[in-house]
Amino acid sequence: MRAKPWIAALAALAAVLLIPPLISSGTDDYAGGQVRGLRILVPNTPGGGYDITARTAAKAVEDAELTRGVEVFNLPGAGGTVGLGRLVNEAGNDKLVMSMGLGVVGSVHTNHSPSSLQDTTPIAKLIEEPDIVVVAKDSPFQDIGQLIDAWKADPGAVPVGGGSSPGGPDHLAPMLFAKAIGLAPKDVRYVSYDGGGELLASVLGGKIAFGVSGVGEYRDQIESGDLRVLAVTSAERVDGLDAPTLKESGVDVDFTNWRGIVAPPGISQNDTDRLVRLFTDLQDTPQWKEALERNGWTPAFQSGKEFGDFLADENDRVAGVLTELGL
């Protein structure tokens, strides 16, 4: 016996009203495949490397019309592990990512963080960047040789500052530098700042003898003459900087920082793929290429599982360096 047409129609209408539609993760929040409503957490203060990287990437993706409405916000503390804890606690939130890098890897160890980068969803490694050894324009140190001589003669009288907590790149670089010239890490007077912005004020104000930070953070102050670069930590010189490498100066150090993007745990593969695609598409835009050149950044793109494997290797490497330095 066949149901009358009007009865069948009512049954179909009831099914639509009573049975909730299947919800694909975030589909309604994307138009044409674009990620919408994305927020980028920066786990240090404004002006630091993670902050500059996040805001540069956010502007580039919007200017290239890859997406719009990206919000960048800061949540500093404990070398980035406060922000990391927030990210991990936002499990399943596909509208949140965090700008991070080598500094967070080290801070997890030195701050005994309950959360680690292995708890996150790896999205992409974006850039690599050498650190620079900088002094204020009125510093008595005119070249790296003078700084080395003074540091070796009286380490306590030559404090060094970095924009990361112990275990971060701005800490590891001067510690490796000190070891290479024969100084014991325990003799180094290291002053930790929560990001490059705080460090800059102390270098310019003469509160520390020299600073170690990423090249992209201080381009404006270098060009204006407020800061003088004595050396770079990478194996090769940096275009646009009149400064030798540490290796050229007889110091056996080759050190490079990196930065990338991670998301909370528990997001779907579909949402992971969308985020990976956003930062993959960013690589070929003229806006991002110009930003790389302007900031002295080296493109070092990795995504997904490849980046996850890199994070695991970096975790082991940093733990080994900290142990070797007795830190």
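Biologist: In this predicted model, which exposed residues sit on the face of α10 turned away from its buried side?
Modeller: Exposed means over 50% relative accessible area. On the face of α10 turned away from its buried side, the residues that count as exposed are P286 and E293.

Biologist: What arc do the buried residues of α10 cover around the axis?
Modeller: Helix α10 runs over residues 286–295, and its buried residues are W288, A291, L292 and N295. They lie on the same side of α10, because the arc they cover around the axis is only 100°.

Biologist: Which elements do the buried residues of α10 pack against?
Modeller: Contact here means heavy atoms within 4.5 Å. By that rule, the partners of the buried residues of α10 are α2, β4, α8, α9 and β10.

Biologist: Which helix gives the most to the largest nonpolar core?
Modeller: The largest nonpolar core has 80 residues, and W288 is among those with the most contacts inside it, as is V133. The helix that gives the most to this core contributes 7 residues and spans residues 49–63: α2.

Biologist: How many residues are in the other core, the one that includes Y218?
Modeller: This core lies apart from the largest one. Among its residues are I132, Y218, I222 and V232, and its residue count is 16.

Biologist: Is S113 buried or exposed?
Modeller: S113 lies in the loop between α4 and β4. Leaving out residues up to four places away in sequence, S113 touches T81, L84 and V108. Its relative accessibility is 17%, and the cut-off is under 20%, so S113 counts as buried.

Methods. Residues numbered from 1 in each chain as written. Predicted model: local features only at pLDDT ≥ 70, side-chain atom pairs only at ≥ 80, totals over all residues. Heavy atoms only, no water. Core = buried A, V, L, I, M, F, W, Y, C linked by side-chain atoms within 4.5 Å. Buried < 20%, exposed > 50% of the residue type's maximum accessible area, 1.4 Å probe, protein only. Helix = DSSP H or I, 4+ residues; strand = E, 2+ residues; numbered from the N terminus. Arc of directions from axis to C-beta.
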